[in-house]
Amino acid sequence: MIKKILPLALSVACIPARILACEPPPFSPAPPSSRPDIDQALFELSASNGVERVGRAQKLSRQLVAQGRPQEAIALLKAERDRAGFSGSDQRQVAFLEVDLAIALLRAGASDEAEATASRAAGILGTAAYGATTHIAALLALARSENARAMSQEATAHLETASQLALRGGYKLLLAQIREVQGNQLLVRGDGVNARKAYEEALSLFEQGGTSESRLHSPMVGLANAEFLSGDFERANVSFDRAVAAAARSWGSGSIQVARVRIEQARLLTATGDFAEAACNAQQARDSLAADKDYDRGLASSALGFAEMGRGDLNAAFESFREAASAITRARGDGSPDLPPSLMQLAKISMKRDAPQVAENYGRTAQAILERQDPGSPQLAEAISLRAEALLAMGDGRQALALATRARDIIRARGTSLERFTTSLAPALSEQVSNRLIYERYLDIAYQVGGKAAMTRDEAFVTAQNLHRGKTSSALLRHLAQSAEMSPQLRPLLDQRAEVSAQLADAIAREDEAYLSGPANAPPNRLDLSGRRRELSARLDDLDQQIGAAAPDFASARSDLVSAAELRKALRPGEAFLMQATTERATHLWLVKADDPDLHYARTDVAGAALRRLVQALRASLGYKQDGLAPPFDASSAFHIHQAVLHPFAGQLADVRTLVYSLDRQAEALPLAILVATDPAGQTEPDRLDFLVRHHIATAMVPSPGSLVALRQPRAVRIAPLPFLGIGAPILQGSATTQASAMRRLMARMRVAIDPSDIRALEPISNGAQQLETMAANFEKPPADLLPGEKATETRLHATALDQYKVMAFVTHGLVAGQFSHLAEPGLVMTPPDAPSPTDDGLLTASEVARLKLNADLVILSACDTAAGDGSFNADGLSGLSRAFFAAGARALMVSGWPIKPQAATRLTSEVLRTLSAPDPPGKAEALRAAMETMLIGQVSVLKEPSMWGSLFIVGDP
């Protein structure tokens with residue numbers, strides 16, 4: 001798997017001597033200078049005095065920094081600062097020098113000293129008597145140094161002050177720099193959408209201010225990375241192309257600036273599967289770099305290695321990573337913290353080449369370097385885990401299990417605070433892939449060494465739950481915890497925890513960025529960042545203990561890792577819980593039953609890649625075409641998936657009435673009801689297939705075992721007094737012909753503003769109003785409420801007391817993130833307004849849904865693919881609209897796994913609601929199962945197809 005790199009494009013603020021001028025100074029980078037130029041500048045400096053000398057010192061220091069010689073700049077500026085102070089110069093002159101000194105210190109990695117220096121300068125320049133532009137520049141330098149030290153809140157405050165000063169004075173170029181730094185800050189936090197807005201504004205301001213094209217290079221690269229992070233790969237590639245062209249015009253096509261952009265673009269292309277183009281970019285970058293640019297040549301070789309791995313050329317990739325390691329060693333020494341990424345890739349390739357001893361050697365070398373750097377880093381855990389895999393292949397199972405356990409414990413300790421309680425919905429993305437592999441290796445090694453006995457213990461069961469940690473689970477747990485009754489002493493503790501948690505998330509992201517970025521993009525301050533992360537983690541642990549002491553039930557409700565005994569207590573009679581985890585080697589399965597003290601375990605030889613292919617084949621046979629016909633159902637794949645995840649527990653499931661399940665990402669949004677229990681032997685007719693729904697087992701999915709435990713925690717919940725609210729059938733005026741072009745326009749504008757005319761050009765929902773009325777007909781006293789047609793607006797929705805309704809239903813189009821390259825997040829189409837406003841543009845996005853206040857037992861999302869992901873990098877499959885509705889307060893959802901025919905949706909939803917509105921109703925999952933079986937055994941042949949009756953499934957409490 002390819003790790004995503006998020007470089008932080010830190011730029012040097014260029015502050016001219018004419019700093020007190022009323023007009024914004026012409027900010028442009030100093031061009032590289034030769035040694036004779038530096039000597040001449042030193043001579044001129046020695047012959048000058050006063051303000052002129054300060055200006056010459058600033059200019060010379062910027063030349064030195066631009067040449068990669070920040071230490072010489074620091075020595076020069078400190079000498080000049082001390083000379084100016086000793087001679088009794090105006091304190092402004094001292095402050096001017098300190099601003100440049102802070103920038104040089106930041107480039108040299110001395111972030112603590114940079115922060116103190118910039119703070120002094122900002123203090124001196126913060127009075128009305130001094131120039132606003134200099135004060136803004138000092139605040140910018142201070143914010144940069146605070147960002148480098150993971151002091152995000154302090155940096156944000158100083159950037160806001162600088163922004164207000166720049167806006168008040170009309171200093172466009174300074175405001176552009178502020179927006180760029182804010183973009184950098186948002187990028188490292190993982191907020192690609194808002195980072196993109198900041199970079200776009202920075203570029204617009206730079207262009208309005210008439211700055212040189214070379215100054216546009218840095219925010220262009222930042223914009224490309226922001227687009228990459230938010231899933232807009234197509235536009236990211238275009239932005240990288242623009243940055244390459246701008247750098248080529250400014251510095252030449254063979255410049256190091258062009259090479260660095262090509263390296264970043266190669267990483268993007270690799271992540272999006274364009275391995276040939278990625279390799280071409282990386283090769284061009286490496287070939288253009290001078291022989292003495294070993295570090296950058298190493299980065300280029302590494303990018304080339306990833307591309308070659310992607311296209312399956314392991315031999316070429318091995319040579320590229322070996323060249324990367326050699327180049328970085330020449331540039332930084334054999335203990336460089338930049339070496340382990342290449343060494344670990346060499347270890348992975350060696351394992352694929354059946355050379356575990358070679359892999360173990362590379363892994364041990366990487367581990368030794370990382371142990372010195374930080375004993376708690378995720379990179380160290382990955383190196384240890386790679387060694388464990390190699391040792392297992394070499395026959396040393398005992399040592400392999402010890403190392404796999406240590407690697408697991410490192411990332412579990414690191415992730416517990418961040419992932420369990422964090423207020424951020426975007427954890428450090430660069431860890432997600434490697435963390436998953438570490439957990440997978442532990443499970444495979446534990447089974448190989450300890451057999452089935454090892455897997456029936458809580459240690460393995462709890463470890464596997466880490467593979468189910470995702471945004472949907474986090475959103476549900478957060479809402480349940482926040483809705484609990486709180487004691488007076490608990491609220492301030494939670495407020496403190498939210499603040500520290502946000503700081504920890506930011507610190508972890510910055511530590512990873514500093515580890516992964518090159519010197520052109522981030523200072524080498526990794527040890528400072530590691531200390532900051534450890535400090536915040538310790539503070540968070542202390543707060544967790546205080547919260548646990550103040551409210552044990554509340555703390556328990558927030559935990560997403562539970563033992564088998566805790567899960568068993570949450571189950572009701574007749575229920576069982578199935579958890580599945582896939583690895584590169586196998587599928588691991590656990591079953592917990594309400595009335596059985598044993599933790600059941602089974603393993604099948606269906607590896608993750610094979611299961612993914614089966615699921616993809618099955619899903620390709622589902623849904624319906626525009627002509628209304630369903631494609632042939634892939635009964636064979638449905639049978640083999642059943643064999644992989646359900647058949648091993650056939651005996652234990654014989655007396656189960658409701659199966660709650662948490663499937664791994666390979667099959668997460670797949671309804672179990674459509675699986676086939678016996679070999680179809682070539683049969684495809686629905687009447688002849690042994691679907692699970694025929695076995696009278698109701699099914700419901702939850703994001704994780706901890707989610708069910710949290711849902712079942714006793715808490716005071718106010719029962720909503722009104723039975724039903726139906727929203728949908730928006731007024732749209734398009735057709736099947738106009739819908740495609742309208743979709744393209746919508747996707748192109750998603751990052752800027754929605755045009756209601758594009759929403760209006762979508763095709764109307766077939767029989768949408770009738771669907772709402774049919775569902776509403778199941779409620780008489782009190783009657784149901786409907787917001788159809790012209791009432792189905794965002795404005796009307798926000799004006800409605802949504803927390804008064806027990807059941808809600810949306811009948812409309814669902815726009816799915818990831819289905820369209822420019823869609824940042826999923827959304828539900830509403831009736832568009834004549835003119836858009838900040839709160840009503842015709843598209844109810846997932847982030848807007850999350851801010852609603854609901855109290856619903858069930859929310860029905862009768863739209864296409866409402867179980868889909870949110871479009872972000874490595875998003876879990878149920879993290880889109882499902883996550884948003886959980887965050888808003890829904891306790892269960894009925895979502896669709898693929899496009900569903902309106903006739904089928906109406907039949908299913910109305911039948912479920914009829915059953916639930918009757919006296920003494922069954923659970924939601926059983927109501928849906930019965931509705932499915934009714935359609936399957938009915939007389940309407942087209943509705944007997946599993947693509948018609950099997951799309952909807954319950955997520956949440958069954």
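What is the handedness of the crossing of H17 and H18? The crossing of these two helices is left-handed, and the legends below, which describe close-up views of a predicted model, begin with this pair.

**Figure 1. Helices H17 and H18 pack against each other in the predicted model.** Helix H17, which spans residues 356-373, and helix H18, which spans residues 378-393, meet at an angle of about 155°, and their axes are 8 Å apart. Because angles over 145 degrees count as roughly antiparallel, H17 is described as roughly antiparallel to H18. On the H17 side the contact is made by Pro 356, Ala 359, Glu 360, Gly 363, Arg 364, Ala 366, Gln 367, Leu 370 and Glu 371, while H18 contributes Gln 379, Leu 380, Ala 383, Ile 384, Arg 387, Ala 390, Leu 391 and Ala 393. Sorted by class, the residues of this contact are 10 nonpolar, three polar and four charged.

**Figure 2. Helices H13 and H14 form another packed pair.** Here helix H13 (residues 275-288) and helix H14 (residues 294-310) pack at an angle of about 160°, with 8 Å between their axes, an arrangement that makes H13 roughly antiparallel to H14. The crossing of H13 and H14 is left-handed. Phe 275, Ala 278, Ala 279, Ala 282, Gln 283, Ala 285 and Arg 286 of H13 take part in the contact, and they are met by Arg 297, Ala 300, Ser 301, Ala 303, Leu 304, Ala 307 and Gly 310 of H14. By class, nine nonpolar, three polar and two charged residues make up the contact of H13 with H14. When reading such a list, it helps to recall that an α-helix has 3.6 residues a turn, so residues three or four places apart point the same way.

**Figure 3. The largest nonpolar core is shown around Val 859.** This core has 103 residues, and those with the most contacts inside it are Phe 810, Val 859 and Phe 885. Helix H37 (residues 924-936) supplies the largest share of the core, namely seven residues. If its neighbours within four places in sequence are left aside, Val 859 is in contact with Met 808, Phe 810, Leu 854, Phe 885, Ala 890, Ala 892, Leu 893 and Met 894. A second, separate core of 61 residues includes Phe 306, Leu 386, Ala 388 and Ala 570.

**Figure 4. Val 912 is a buried residue of helix H36.** Helix H36 covers residues 902-916 and holds Val 912, whose relative accessible area is 0%, so that Val 912 counts as buried. Apart from its neighbours within four places in sequence, Val 912 is in contact with Met 894, Ala 927, Leu 928 and Ala 931. One of these partners, Ala 927, is 15 residues away from Val 912 in sequence, and the two are 5.2 Å apart in space, C-alpha to C-alpha.

**Figure 5. Helix H28 is mostly covered.** Of the 11 residues of H28, which runs over residues 635-645, eight are buried. The buried residues are Ala 635, Ser 637, Ala 638, Phe 639, Ile 641, His 642, Ala 644 and Val 645. They pack against three strands, E1 (575-582), E2 (587-593) and E3 (599-604), and also against helix H27 (608-620).

**Figure 6. Ala 681 and His 696 have positive phi values in the loop between strands E4 and E5.** Most residues other than glycine have a negative phi. The phi of Ala 681, however, is near 50°, and that of His 696 is near 60°. Ala 681 is placed in the loop that joins strand E4 (658-662) to strand E5 (698-701), and His 696 is found in the loop between E4 and E5 as well. With a relative accessibility of 67%, Ala 681 counts as exposed, whereas His 696, at 46%, counts as partly exposed.

**Figure 7. Ala 116 is a partly exposed residue of helix H5.** Helix H5 comprises residues 111-125 and includes Ala 116, which has a relative accessible area of 34% and is therefore partly exposed. Ala 116 and Glu 98 are separated by 18 residues in sequence and by 9.8 Å in space, C-alpha to C-alpha.

Notes:
Residues numbered from 1 in each chain as written. Predicted model: local features only at pLDDT ≥ 70, side-chain atom pairs only at ≥ 80, totals over all residues. Heavy atoms only, no water. Axes fitted to C-alpha atoms, helices over the stretch in contact; angles between N-to-C directions. Helix = DSSP H or I, 4+ residues; strand = E, 2+ residues; numbered from the N terminus. Parallel < 35°, antiparallel > 145°, perpendicular 65-115°, else oblique. Left-handed = near helix turned anticlockwise from the far one by under 90°. Contact = heavy atoms within 4.5 Å. Nonpolar A, V, L, I, M, F, W, Y, C, P; charged D, E, K, R; others polar. Core = buried A, V, L, I, M, F, W, Y, C linked by side-chain atoms within 4.5 Å. Buried < 20%, exposed > 50% of the residue type's maximum accessible area, 1.4 Å probe, protein only.
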